[in-house]
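Work through the exercises below with the structure in view. Try each task before you read its solution.

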Amino acid sequence: MGVAFWENVVVQTAARYSVVILCTLVFLAILEIVTSYKNWEEIKKGNFAVAMATGGKIFGIAIIFRYSIEHNDTLVQSIGWGVYGFILLLLSYFVFEFLTPVLKVDEEIGNGNKAVGFISMIISVGLAFVIGASIG
C-alpha cells in the first residue's frame, strides 16, 4: 500500500502543489529581504508598481516550477530545479538593477513608478520562460 499510495497521481499532484506553495512563500520572503521596500505593506497601501513587480515574480516562480515539474520525474528533482530556477530569476533582478544605471529600479518601484514596475514584471515573466525551458 505504501508505494502505491505515493504513485497515485492525486497524491503526487497534491504533493507537488503543496511544495510549490511552500517554495513560493520562502522565495517571496527572500525577495522581501532583497528589496528596499516592504512588498506587502506597499501593496496594502495600493502601490501598483510593487504589485506588478511582485506579481511578475510570483508568476515567474510558477512558470519555472511548471517546467520543472514537467521535465522531472521525482518531487526532489522538481524542487531542486525549481530552486535553481529561482536563483537565476533572483540574479536577473540584480542584473536588471545593474544594467539600468540611469535609474534605481528598486527605489523607483518602491516609489510607485508604474512603468518600472511593469517592465520589472515583464522581465520576470519573460526570463522565467527562458529559465524554465532551459532547466532539466
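**Exercise 1. Find the residues around the second largest cavity and say which helices supply them.**

Solution. The model is predicted. Start with the space itself: the second largest cavity holds about 40 Å³. Next, list its lining. The residues are L28, L31, T35, Y37, N39, A53, T54 and K57. Now assign them to elements. Two elements, α2 and α4, give two or more residues each. The largest share comes from α4, with three residues. Last, sort by class: four residues are nonpolar, three are polar and one is charged.

**Exercise 2. Describe the largest cavity in the same way.**

Solution. First, count the cavities. The whole structure has two of 30 Å³ or more. The largest contains about 90 Å³ of space. Its lining is made of L31, K57, I61, F86, L89, L90, S92, Y93, F96, S120, I123 and S124. Then turn to the helices. At least two lining residues come from each of α4 (48-71), α5 and α7. The biggest contributor is α5, with six residues. By class, the lining splits into eight nonpolar, three polar and one charged. Finally, compare the two lists. L31 lines the largest cavity, and L31 also lines the second largest. K57 is likewise in the lining of the largest cavity and in that of the second largest.

**Exercise 3. Decide how α2 lies against α5: parallel or perpendicular?**

Solution. Take the geometry first. Helix α2 (residues 9-34) and helix α5 (residues 75-99) pack at about 25 degrees, and their axes are 11 Å apart. Apply the cut-off: angles under 35 degrees count as roughly parallel. The two helices are therefore roughly parallel to each other. The crossing of α2 past α5 is right-handed. Now locate the contact. From α2 come A15, R16, V19, C23, F27, I30, L31 and V34, and from α5 come L75, S78, I79, G82, V83, F86, L90 and F94. Sorted by class, this contact has 13 nonpolar residues, two polar and one charged.

**Exercise 4. Repeat the analysis for α5 and α7. What name does their angle get?**

Solution. Helix α7 covers residues 114-134, and α5 packs against it at about 140 degrees with the axes 10 Å apart. That angle makes α5 oblique to α7. Here too the handedness can be read: α5 passes α7 in a right-handed crossing. The α5 side of the contact is G85, L88, L89, S92 and F96, and the α7 side is I119, S120, I123, S124, L127, A128 and I131. The class count gives eight nonpolar residues, four polar and no charged ones. Then link back to Exercise 2. Among these contact residues are L89, S92, F96, S120, I123 and S124, and these six also line the largest cavity.

**Exercise 5. Locate the largest pocket and name its main contributor.**

Solution. The volume comes first: the largest pocket has about 150 Å³. Its lining residues are W6, V11, Q12, A15, R16, D73, T74 and L75. The element that gives the most is α2, with four residues. In class terms, four lining residues are nonpolar, two are polar and two are charged. To finish, look again at Exercise 3. A15, R16 and L75 line this pocket, and A15 and R16 of α2 and L75 of α5 also take part in the contact between those helices.

Technical notes. Residues numbered from 1 in each chain as written. Predicted model: local features only at pLDDT ≥ 70, side-chain atom pairs only at ≥ 80, totals over all residues. Heavy atoms only, no water. 1 Å grid on protein atoms, 1.4 Å probe; cavity = no way out; pocket = protein on both sides within 12 Å on 5 of 7 lines; lining within 4 Å. Points joined across faces, edges and corners; volume = space filled by probe spheres on them. Nonpolar A, V, L, I, M, F, W, Y, C, P; charged D, E, K, R; others polar. Axes fitted to C-alpha atoms, helices over the stretch in contact; angles between N-to-C directions. Parallel < 35°, antiparallel > 145°, perpendicular 65-115°, else oblique. Left-handed = near helix turned anticlockwise from the far one by under 90°. Contact = heavy atoms within 4.5 Å.
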